[in-house]
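Q: Could you take me through some of the terms used for this structure, and show how each one is justified?

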Amino acid sequence: MTTTSPDPDLGAVLDDIRACRACLGELPHTPRPVVRVFPETRLLICGQAPGRRVHESGLPFTDPSGDRLRQWLGVDYTTFYADPRIGVAAQAFCYPGTAPKGGDYPPPRRCAELWRPRLLAALPRMELTLLVGGHAQAWALGAAAKSGMTATVQAWRSFSPDILPLPHPSWRNTAWLRRNPWFEADVLPYLQQRVRAILTP
């Protein structure tokens, strides 16, 4: 693997993101931005926001959703965290808290508005961005997003080769996967082929 020199802009952006306290007092906890990207990053995973376990660990996808995501990618735990060609930058970097009826609150738009344009500008070597979940898809695709997450993922070919929309890997979506067998039959083989190509030295 060829190692590139660090991008000075990326380092500055990451320092600023990790120091961000824009939502202090609005969240039920102290903000703890979680982002993991590198100058070598080629595959960017854009989820919605960290969950409670990720808020506690400080590492993205250290939860059952991460286990399923790694299965979808065809990579093991060590590769996911050790290979700098894989990066994670959710739409919102801080855990938004748990809603009274269960599940997490939606990611606040403020975070993406503050940081995503600057972060993405510092990652010019990206080959594939995974938009994980409806909130991430709506933000990144804008008017190109279809009427809901399912329709957007079904239209995945229209966003290639730079973008691939995915459902959230939460175990809450197990029933969705059963109702939509085309996802595992058609989308996952393409995803795993792209990941292998990106990670091949």
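Q: Where does arginine 85 lie?
A: In this model, which is predicted, arginine 85 lies in the loop that runs between α4 (77-82) and β2 (86-88).

Q: Why is arginine 85 called buried?
A: A residue counts as buried under 20% relative accessible area, and arginine 85 has 11% relative accessibility, so it is called buried.

Q: What makes the link between the side chains of arginine 85 and aspartate 83 a polar contact?
A: The two side chains are joined at 2.7 Å, and the cut-off for such a pair of N or O atoms is 3.5 Å, so the distance fits the term.

Q: How do you know that leucine 130 is buried, and in which strand does it lie?
A: Leucine 130 lies in strand β3, which covers residues 128-132. Its relative accessibility is 0%, and therefore leucine 130 counts as buried under the limit of 20%.

Q: Which residues does leucine 130 touch, not counting residues up to four places away in sequence?
A: Leucine 130 touches Leu43, Leu44, Ile45, Cys46, Leu73, Leu164, Leu166 and Leu191. One of these, leucine 43, is 87 residues apart from leucine 130 in sequence, while the two C-alpha atoms are 7.7 Å apart in space.

Q: Which residues have the most contacts inside the largest nonpolar core?
A: That core has 29 residues, and those with the most contacts inside it are Ile45, Leu73, Phe80, Leu130, Leu166, Phe183 and Leu191. Helix α9 (residues 182-199) gives the largest share of this core, eight residues. Apart from it lies another core, of 16 residues, including Val13 and Trp115. As a general background, nonpolar side chains in soluble globular proteins tend to be buried together.

Q: Why is the pair of tryptophan 176 and phenylalanine 183 called edge-to-face?
A: The structure holds eight aromatic pairs, and in this one the rings are 5.8 Å apart, centre to centre, with 70° between the planes. Ring centres must lie within 6.5 Å to pair, and planes over 60 degrees apart count as edge-to-face, so both values fit the name. Tryptophan 176 and phenylalanine 183 are also both buried.

Q: What makes the charged end of arginine 68 sit over a ring, and which ring is it?
A: The ring is that of tryptophan 171, and the charged end of arginine 68 sits over it, 3.8 Å from its centre. The distance limit is 6 Å, so this value satisfies that part of the test. The charged end of arginine 70 likewise sits over the ring of phenylalanine 80, 5.0 Å from its centre.

Conventions. Residues numbered from 1 in each chain as written. Predicted model: local features only at pLDDT ≥ 70, side-chain atom pairs only at ≥ 80, totals over all residues. Heavy atoms only, no water. Helix = DSSP H or I, 4+ residues; strand = E, 2+ residues; numbered from the N terminus. Buried < 20%, exposed > 50% of the residue type's maximum accessible area, 1.4 Å probe, protein only. Contact = heavy atoms within 4.5 Å. Polar contact = N/O pair within 3.5 Å; in protein donor to acceptor, adjacent residues only side chain to side chain. Phe/Tyr/Trp six-rings, centres within 6.5 Å; stacked < 30°, edge-to-face > 60°. Lys NZ or Arg CZ within 6 Å of the ring centre and 35° of its normal. Core = buried A, V, L, I, M, F, W, Y, C linked by side-chain atoms within 4.5 Å.
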